[in-house]
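The paragraphs below walk through one protein model, going from its overall make-up to its main sheet, its cores and a few single residues. Please keep the sequence and the structure in view while reading.

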Amino acid sequence: RRSLIGSYLYKFLVLLAAEEARGTYTDAHPTAPAQSILSAAEPQLSLSTPPVPSSHPAMGKVLPVDESTEQLERDGREKTRRADGKGGAVLWQPLPKPDAHLVSSGEARYTGDVHVGKGALYGVYVGSDQGNARLVAVDGSAAERVEGVVKVVTAADIPGTNIFSLFGKPLMEVMVPIGGRSKYFGQPAALALGTTSAAAEQAIKLVKLTWDDVKPPVVTLAQARAASTLTPIPMEAKKGDVSQFDDLLAAEGSKEGGLHVLRGVVECGSQLHFYMEPQAAYAVPDEDGTMTVWSSTQGPQYTHASVASALNVPHNKVNIRIRRLGGGFGGKAFLSIPHAVNAAVAAKATNRPVRLVLNRNQDCAMTGGREEMEFEYAVAVDEKGRIHALRATIHAITG
């Protein structure tokens with residue numbers, strides 16, 4: 001709701017600036033607002049009907065070219081009314097989402113809004129402060145002496161598999177294993193549980209992580225090549241037979257049969273998903289060893305499988321629930337899995353409900369965003385610029 005109030009206030013101020021720029025106010029500011037600001041006041045969706053070709057398959061009849069779109073709308077509404085007897089909506093009419101009134105008023109409930117049960121605990125991560133090192137030990141004894149702190153959960157508390165998978169393939173540990181290596185700076189190394197989030201926040205400052213074999217992190221393609229850490233993925237997209245151009249594309253500065261070979265590299269930077277709702281999970285242990293997990297996820301089937309594997313229970317002992325997402329953009333397809341798993345592991349370890357909602361800094365560090373990409377290409381073109389062959393190698397930079 002605070003976010004909504006802020007956005008409404010911004011919109012209000014933008015509209016005032018637009019009115020001022022149009023000279024509505026007699027005491028207008030001498031400097032007009034920037035066009036980039038004024039553009040925010042313009043409607044982003046046009047409600048007018050676009051031009052329609054003379055033969056419109058959706059209408060089932062041929063229309064004169066000069067027939068007005070207003071007449072087309074009237075005909076469409078009449079046709080729909082005849083079809084369903086209620087005058088329902090037609091394709092080109094803008095319709096609100098079913099829950100738009102809930103979302104825009106702040107009444108919509110998300111995973112982080114699920115009512116916590118009696119005795120629920122709040123989890124806060126202890127992130128790895130090394131991006132490429134071996135974790136020797138996690139000492140949470142000082143943290144557990146803080147008032148309101150119940151337990152510091154580590155990878156040792158995972159009864160099953162400390163790996164989350166996608167399409168049946170293991171991706172990464174959900175928590176840095178003791179004796180294992182950290183994969184990136186900020187990777188979950190422990191989870192402090194408190195009766196309040198404030199107690200858990202205080203506790204993470206007292207958890208001591210011991211590392212050895214610290215190495216520089218590999219974060220660029222050049223570093224990966226130097227460290228021989230490139231991981232080939234046998235995926236290839238093909239169209240036509242490029243093999244006949246192998247010799248030509250492999251040659252340096254070649255010109256053969258009127259074909260020129262151009263080489264280059266295209267770089268595409270990373271982007272944070274930056275959804276409004278952060279990663280969130282709420283796990284509740286139930287009778288007969290069943291675990292119910294509310295998760296802000298775009299991939300409930302993957303979350304379900306990973307939670308069951310981590311708890312070492314059959315799949316029918318895990319229930320995954322989702323009401324809605326406050327944005328995802330792919331960032332919650334499988335990167336939400338570790339948080340659902342860790343919440344479930346903590347709930348099992350304490351036999352109490354556990355709520356885990358990441359703050360924005362942790363969310364950005366642990367989600368990481370879309371991978372940076374580099375495309376190395378060689379393309380054969382003729383004198384007119386027509387492409388005859390193209391070969392590209394794509395590197396996903398996941399460091």
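Accessible areas are obtained with the Shrake-Rupley method and a 1.4 Å probe, and for residues only the protein chains shown count as cover. On that basis the protein exposes about 23800 Å², of which carbon and sulfur atoms supply 55%. The model is a predicted one, in which local features need pLDDT of at least 70, side-chain atom pairs count only at pLDDT 80 or more, and totals for chains, interfaces and linings use all residues. Residues are numbered from 1 along each chain as its sequence is written, and side-chain values use heavy atoms, with hydrogens and water left out.

The predictor's confidence in each residue, pLDDT, runs from 0 to 100; its mean over the protein is 84, and 80% of the residues reach 70 or more. Over residues 43-69, however, pLDDT stays under 50, and the model has 23 contacts beyond four places in sequence for this stretch, a contact being heavy atoms within 4.5 Å. Among contacts in the protein with a separation of 6 or more, 71% are between residues 24 or more positions apart. Of the 399 residues, 35% count as buried, where buried means under 20% relative accessible area, exposed means over 50%, and partly exposed lies in between (1.4 Å probe, protein chains only).

The protein has 11 helices and 17 strands, which are DSSP runs numbered from the N terminus (helices are H or I with at least four residues, strands are E with at least two). Seven of the strands can be followed as one open sheet of 7 strands, in the order E5-E8-E3-E15-E12-E13-E14 and with mixed pairing; two strands pair if DSSP finds at least two bridges between them. Strand E5 (149-153) and strand E14 (318-321) stand at the edges with a single partner strand each, so one side of each is left without a neighbour in the sheet. Neighbouring strands of this sheet are turned by 20° against each other on average, direction ignored; axes are lines fitted to C-alpha atoms, for helices over the stretch in contact, and angles run from 0 to 180 degrees between N-to-C directions.

Beginning at the E5 edge, E5 and E8 pair in the antiparallel sense over 4 bridges, and Val153 has Leu191 in E8 as its bridge partner. E8 in turn is joined to E3 by 6 bridges, again with an antiparallel course, and here Val126 stands opposite Ala190 of E8. Since 7 of the 7 residues of E8 are buried, this strand is largely enclosed by the rest of the structure. Further along the sheet, strand E12 (residues 280-285) and strand E15 (residues 354-357) run antiparallel and are joined by 4 bridges, with Tyr282 opposite Arg355 in E15. Helix H10 (residues 337-350) packs on the sheet, touching E3, E5, E8, E12, strand E13 (291-295) and E15, and its direction makes about 30° with that of E12. Helix H6 (residues 197-204) lies across strand E3 (121-127), E5 and strand E8 (188-194), running at about 25° to E3.

In soluble globular proteins, nonpolar side chains tend to be buried together. A nonpolar core is defined here as a set of buried Ala, Val, Leu, Ile, Met, Phe, Trp, Tyr and Cys residues joined through side-chain atoms within 4.5 Å. The largest such core has 33 residues, of which Leu191 and Val307 touch the most other members. Elements giving two or more residues to this core are E3, E8, E12, E13, helix H9 (300-311), H10 and E15, and H10 gives the most, with 8 residues. Beyond its neighbours within four places in sequence, Leu191 is in contact with residues including Val124, Val153, Met175, Ala346 and Leu356. Another core lies apart from the largest one and has 20 residues, among them Val176, Ala190, Ile204 and Trp211.

Three single residues complete the tour. Thr154 is found in the loop between E5 and strand E6 (164-166) and is buried, with a relative accessible area of 9%; leaving aside neighbours within four places in sequence, Thr154 is in contact with Val138, Met175, Ile178, Ala189 and Ala190. Glu376, in strand E16 (residues 372-381), counts as partly exposed at 27% relative accessibility, and its C-alpha atom is separated by 6.0 Å from that of Gly264, 112 residues apart along the chain. Gln223 lies in helix H7 (residues 221-226) and is partly exposed, with a relative accessible area of 35%; not counting residues up to four places away in sequence, Gln223 touches Pro217 and Val218.
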